[in-house]
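Please look through the following model with its open space in mind, and then follow the chain elements that surround that space and pair with one another.

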Amino acid sequence: MRVPALEDLSGISKIFVKFEGRNPTETHKDRRARLHVETAKTLGFSVITAGTCGNYGVALAYYARLFGLKAYIFVPASYTLRRSEEMLRYGARIIPVHGPYEKAVLESRTFAVEKRSL
């Protein structure tokens, strides 16, 4: 969207900003999550997974529901997930991981390999 007040203040014409709050899940992760889900759907998968700390999990759960896939979201158990209710509302299964974010990503990848035929 264009920001005339900022143009006037800075003296620069035609300043545009991207406002991610207008995305369906109100996060900058929406575009990537949609691509992730669309690609999985195109390849014939019925399940999608990711290791995340929150926002990507919400976006992935939203688009998985939209495209008819089941989402498994791996998150560090020690993290406070303010957006976990949204993930659940979109039908995702949240899987707590004892360890840091990197371990959640690793467990998500292991799950994907094990469930490859779903």
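**From the pocket to the strands**

In this predicted model, the largest pocket has a volume of about 260 Å³. Twelve residues would be a long list to walk through, but of the 12 that line this pocket, those closest to its centre are Phe45, Val47, Ile48, Thr49 and Ala112. Taken by element, the lining receives two or more residues from each of helix α2, strand β1 and helix α5, the last of these covering residues 101–114.

Helix α2 (30–42) and strand β1 (47–51) appear again around helix α3, since what covers the buried residues of α3 includes these two elements together with β2 and α4. Helix α3 itself runs over residues 55–67, and its 13 residues reach 19 Å from the first C-alpha to the last, which is close to the 18 Å expected at 1.5 Å a residue. The buried positions in α3 are Tyr56, Gly57, Val58, Ala59, Leu60, Ala61, Tyr63 and Ala64. Just after this helix, Gly68 takes a positive phi of about 80°.

Further along the chain, strand β2 (residues 70–76) pairs with strand β3 (residues 93–97) in the parallel sense, and the pairing extends over five bridges. Within this pair, Val75 of β2 stands opposite Pro96 in β3. How does the chain cross from β2 to β3, and what is the handedness of this crossover? The path goes through helix α4, residues 84–89, and the resulting β-α-β crossover is right-handed. Both β2 and α4 are thus met twice in this account, as parts of the crossover and among the elements that cover the buried residues of α3.

Definitions and conventions
Residues numbered from 1 in each chain as written. Predicted model: local features only at pLDDT ≥ 70, side-chain atom pairs only at ≥ 80, totals over all residues. Heavy atoms only, no water. Pairing = 2+ DSSP bridges. Helix = DSSP H or I, 4+ residues; strand = E, 2+ residues; numbered from the N terminus. Right-handed = clockwise from strand over helix to strand, strands pointing away. Expected span 1.5 Å × (residues − 1). Buried < 20%, exposed > 50% of the residue type's maximum accessible area, 1.4 Å probe, protein only. Contact = heavy atoms within 4.5 Å. 1 Å grid on protein atoms, 1.4 Å probe; cavity = no way out; pocket = protein on both sides within 12 Å on 5 of 7 lines; lining within 4 Å. Points joined across faces, edges and corners; volume = space filled by probe spheres on them.
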